[in-house]
Amino acid sequence: MAERVQISDLIWLKPERQSEYDIPIAVKVLNSSGGKLEVRDDDGRKFITDATNVIKPLHATSITSVEDMITLGELQEFTILRNLHIRYNQQLIYTYTGSMLIAINPYEILPIYTMDQIHFYQDRNIGDMPPHIFAIGSDSYKELLDTSSNQCVVISGESGAGKTESTKLLLQYLAAASGKHSWIEQQIQETNPILEAFGNAKTVKNDNSSRFGKYINIYFNNQGIIEGGNIEQYLLEKSRIVRQSKGERNYHIFYSLVTGLSAEEKKKLELTRPQDYEYLNSGSMLTCDGRNDALEFSDIRSAFKVLNFLDEEVWGVFNLLAAILHLGNLKFKSYSSNNIESSEVADATNASRIASLLGVNKVHFCEALTRKTFIAHGEKIVSNVSASSATEAKHALVKAIYGSIFVYIVENINKTLHKDETLCGGSIGILDIFGFENFDNNSFEQLCINYANENLQQFFVKHIFKLEQEQYQKEGITWTNINYVDNQENLDTIGLKPMNILSLIDEESRFPKGTDLTLLDKLNTNHGSKKCYAAPKSTRDHTFVIRHFAGDVYYNVNGFLDKNRDMLTTDLKELLMDSTNKFLKTIFPIDLSPHSGSRKPVSLSHQFKTSLDSLMKTLYACHPFFVRCIKPNELKKPRILDRPLCVRQLRYAGLMETAKIRQAGYPIRHSYAEFINRYRLIVPGIPPVEKADCKEAAKKICVQVLKDQDFRLGHTKVFLKNHHDGILEELRHKVVINAVIKVQTNGRRFIYRRRFLRLRAAALTVQKHFRSRGYRNRYLIMRRGYLRLQAVLKCRELRKTFLNLRGFFTKLQTQIRGYLLRKMILDKRSIITAQLAQFKKDKEQSKLDTKSAEDEYEKKYTEFMRAVWIGKDVGVEAAQNTAFIDDRYVDDVFGFLKDTATPAGTVRGTGFGVSAVEKPTAVDVINIPLQREYEDEAFDEFNFKKFAATYFLGNVSHQYSRKPLKHPLLDLPSPVDKAASQALWITILRFMGDIAEPKYVDDKKDNTPIMTKLTDTVGRAFQKSKEFEEMLKENNDGKRMIQRTLKNNRS
C-alpha cells in the first residue's frame, strides 16, 4: 500500500499508541520522501510518519462527512469516529445512524433550539431534514399519529454527555408539537426544576449530573394533544447525601434551601450558611458555575404550586431537608461500659433541634441511634453500639428520609399529571438513564446500572438486526446466513436464570450470618465456569469480573449486602412510627410493627429488577428511537474532541454492534451510480453513468474482477465483502496511475512546447530591435536638425515682427509725450507770466542791495518753477515721512527675510497694483525719461508690501490685521493646507494677545494672554513679589541667573 501513496491522498494510518481505545486515524498526505510521509490529521496537526504505517485509502463515502452513517460504504469504528469528528469541528453535533441519533455535547450555546427550529421540523420525515433532537421528536410524534402505536426514545450516555438536556429538549418539542398550549403541557415542563433540584448534583465530570434514572411517559389523545403523563424513577444515588467526593456537591435542593429561604423561615428551621453543614461541605465545593441557588429556589417553589402541591406539603419537605442537614452535624462520643464499647450523643442542643423537626422524643431519638434492639429466644435484648455504628445508623436514617421524600414527590407529580383518568390515546416515552459505568472501584450500584445497560443493549441489538433484515429484504437479498453474537449470556448470568447473581445477593442478604465474602464464594461456585464471569485469582482479592458487552468490569463485593438491604433498624422504625410529624409518617410506608415478622423485607436489588422488567416490557411494546449522547472531552470545553474517550463511549453505547451486524453480512455498499463512477475504469468498454445500464455494468465489473462471486446485487445497491473493496481499489489504483502517467506526459509536452514558443518569440523580438537600432539613430539625428532649422526660422520671423511693433509704439509714445508737454505749457503760461512779472516787480521795489535782491529773485524763481513742474513739495514730504515710519516697522518685523529691507524714501500705498517709486527731486528742467526695456525684478528682492500686493488673495493688504482670516493669504493647493494656514493665523493672534485663549475642560479659568504673563514674570515688579522670594529660598543657585535676566530687561 505504501508505494501507491500519492500527495493529497487521504489514507488511514495505524494508531501511534497501542492502547485499548486507540484506533486508526485519517490523514492527508502533504509530502512523501524516502519512505517518510508528512501528513496532516483532521485537527490540523502535522507530523512525520513511516510509510509502513499506511493501512489503506479512505473509502469514497468517508472523504467528506455524511449525515447518516448507515450510508458509509465502510462502517468501522474509525470511520464512524472520523465522521463524527469532522461534523463536530463544523459545530454539527447531531448525526444519524439509521434511526439512532448520536449527539455530542458542544459545551457551548448553539442557536438551534428556537421555536423556528421546532416549526421547521414539524410534519417532516426524518431523512428529509438535517440530524437534530427535534427530528427524533417529530418522527416519534408523526409515527404515533400514523400508526397509533406507542413510541419510546431511549437516551443514554455517561455523566456529562448531555442526557438531561436532551430530555428537556424532547419535552420542549412534544409540548409544542400539538400546537395547542394547555395547562398540562405547562405542568410537564415544570417537572424539570423539581426533578433536577432533588435528583441532580455537581460532580467532577458534570455540573448538573442526574443521579437517578427516569422514564417519562407523555400521553396524547387521538388528535395528538397532550392529555397526561407519568414518571418512573430508578436507582436514586442515596450515598451522595451523606458523603461527596472532592470537588463535588450534594443535591442542588440543599444549597437552594439554605440560600433561598427568607430570614424568618430560616429562623424557624434554625438554618444558617451552607458551609456550616457537614453534609454540604464534605466535597469542599459550595458553589456551582452557572447556577444561582437562591434564584432557582424561587423557581422550585413556583413549580410546586403549578403541580398542585399544598403549602403544608412543601413546608413539610423543607422541614425534613433541614432535619437532614442538622443530622449531618450530629456527633457521637465513645465510652466503655463493662468492657463493652458504647456511644452517646455529644451535642444535646443539636439533638433537641433534630428531634423537634422530626416530631420525636429527644431521649428516644438518642437511644434509637446509640442502641440496638433484637429478639433472641423470644426475649427482647437491647445492646449498646459503637460510635461508628451509631454514625452508620444516622446515615441510614438520612438516606431513608431523603429517598422517601423523592419517591413522594414523584408520586404526587404523577397524580397531578395522570389525574386517575382513563387515557384513550397513545404515548411517547422518554428514558433518561445512566450509561455504562466502569470505575476504579465498582460496587453494587454499578452492577445494577450495567445490568440495566445490558438489557438496553439487547433491546438495541435486536432493533438494529431487525433494521438490517429490513434493508436486505428491501433490496431483495438473501440474509438467512447472517449470524451475530448477542449478550444473552450476560443477562442470564446477572438476572434471568436461576441462581443468578442478583438472586444470590438477595439470598445472602437474608441470612443473619451472611457476609460479603460468603457472597463472593457463592458467586464463584455457581458462575466460575461461565465465559462472561471471571473469579478472583487470589483469596485476598475481593473482586469478581463480568465481561460486559462494553468491556470487562471488576466489582468489589465489600458493602454489597448492606447496600442491598437498605433498611432501617427496628429502633429507628419504632421512632418514626411514634413521630408527631404527620408529613414524616405520610412519606414512610411503615406497615411493619416490630412484633410482626411474617413479611420479608424487600431488597433494593429486587425492587430494581422488578422495575427494570416492567420497563423492558414497556420498551418492547413500543417503536423505539435511540439517542446516544457523547462527551467530547473531560475539560468541559468546546471544540475539543478526545479520540480515546469518544471511542470508549461509542463502545459503551453499543454503537459497534451495528458495525458487527453489518460485518456479518455485506458491510461494503455502493449505489449503482457511485459504483460505476468509481470502478468503470477497471473493465474496458463501460460507458459513463449517463449512457450505461448501471446494474448490468456493475454486474459485468463484479463478474470479471471478483472471482469468488460472493457479492450481491440489490435493487439499488451493490453489496460486497470487506476483501472485495481492497481488490477493487487496487485495480482502480493501477488504472488511475497509468492514466495519470499519460496525463503527465501530455502535460509536460504542452508545458515544454509552450516554453519553446515563448523563447523563440523572445529571440525574434531581440533580433528585430537590434536591427532597428542603427536606423533609429539616424532618424533621430535628422529629426533634431530639422527641429533646430524650424526654430531659427520662426525666431527670425518673430524678431522682425517685434522690431516693427517696437518702432511703431516708440513713435506713438513720442507724439503723445510731446502733445502732453505742449498742452501743459499752454495751460500754465498765463500763471507763469504773471508770477514772473510779480517777482520782477518785487525785485525792483526791493530795498535791499542789488545783489541781495537778485539772489532773492533767483530763489523765488527756482522754487516757483519746481512747484509748477513737480507739484506740492509739502504733501510729498508728509507722505514720505509716513511711509518711512511704516517701512521701518515692516522691515523690523520681516527682517529675517533675505534682502527685504525697504529702500529709503519708498512711497507706500494701500491698494493693489501700487509699486514703490523713488522720491522725486526738484530740477530746473523737465527731464523726459528715455525709452528703456522693462526688466522683471527678482523675487527675492521684493519688499513685503510689494510681495503682499502681488500675491495676497482678495482685499488683504500688507498691514497687520487683528481678525481671523476668512481665507488663506496665498493660493494653496489642498484643503488641508488652507485649514492649516487659517489655524496658524489664529495661533499668531492668540500669541500676540489679540484674541482670547481657548476654554479648556478643567474648571480653572485664566484668560490672561501669554505675553502678559511673560511681561509680569520678567518685569521689575516680579522681583518684589512673594513668589519670587520663595523661589530664591528654594533655589539659591538660580538667583544670579534671575538677577542677570532682570538686569538685562531693565537695560
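**Exercise 1. Find which residue of strand 24 stands opposite Leu-713, and describe the sheet around this pair.**

Step 1. Leu-713 has Val-718 of strand 24 opposite it, where helices (H or I, at least four residues) and strands (E, at least two) are DSSP runs, numbered from the N terminus. The model is a predicted one, in which local features need pLDDT of at least 70 and side-chain atom pairs count only at pLDDT 80 or more, while totals for chains, interfaces and linings use all residues. Residues are numbered from 1 along each chain as its sequence is written, and side-chain values use heavy atoms, with hydrogens and water left out.

Step 2. Strand 24 (residues 717-720) and strand 23 pair in the antiparallel sense over two bridges; two strands count as paired if DSSP finds at least two bridges between them.

Step 3. Three strands make up this open sheet, in the order 22-24-23 and with antiparallel pairing. Strand 22 (668-671) and strand 23 (712-713) each have a single partner strand, so one side of each is left without a neighbour in the sheet.

Step 4. Helix 15 (residues 444-475) lies across strand 22 and strand 24, and runs at about 125° to strand 24. Axes are lines fitted to C-alpha atoms, for helices over the stretch in contact (heavy atoms within 4.5 Å), and angles run from 0 to 180 degrees between N-to-C directions.

**Exercise 2. Decide whether the residues on the two faces of strand 6 are buried or exposed.**

Step 1. Buried means under 20% relative accessible area, exposed means over 50%, and partly exposed lies in between (1.4 Å probe, protein chains only).

Step 2. In a regular strand the side chains alternate between the two faces of the sheet. In strand 6, Tyr-94 and Tyr-96 lie on one side and Thr-95 and Thr-97 on the other, and all of them are buried.

Step 3. Strand 6 pairs with strand 7 (residues 100-104) in the antiparallel sense over four bridges, and Thr-97 stands opposite Met-100. The hairpin of these strands has two residues between them, and Gly-98 takes a positive phi near 70° there.

Step 4. Gln-91, in the loop between helix 1 (77-89) and strand 6 (94-97), has a positive phi of about 60° although it is not a glycine.

**Exercise 3. State which parts of the chain are tied together by the salt bridge of Lys-631 and Glu-158.**

Step 1. A salt bridge is a side-chain nitrogen of Lys or Arg within 4 Å of a carboxyl oxygen of Asp or Glu, and the side chains of Lys-631 and Glu-158 meet in one at 3.1 Å, N to O.

Step 2. Lys-631 lies in the loop between strand 21 (623-630) and helix 23 (643-652), and Glu-158 in the loop between strand 8 (151-156) and helix 4 (163-177), so the pair ties together parts that are 473 residues apart in sequence.

Step 3. Lys-631 and Glu-158 are both buried, and they are linked with Glu-634 and Arg-648 in a network of salt bridges.

**Exercise 4. Describe where the salt bridge of Glu-16 and Arg-45 lies, and whether each residue is buried or exposed.**

Step 1. The side chains of Glu-16 and Arg-45 meet at 3.4 Å, N to O. Glu-16 lies in the loop between strand 1 (10-13) and strand 2 (25-33), and Arg-45 in the loop between strand 3 (36-41) and strand 4 (46-50), so the pair ties together parts that are 29 residues apart in sequence.

Step 2. Glu-16 is exposed because its relative accessible area is 57%, whereas Arg-45, with 39%, is partly exposed.
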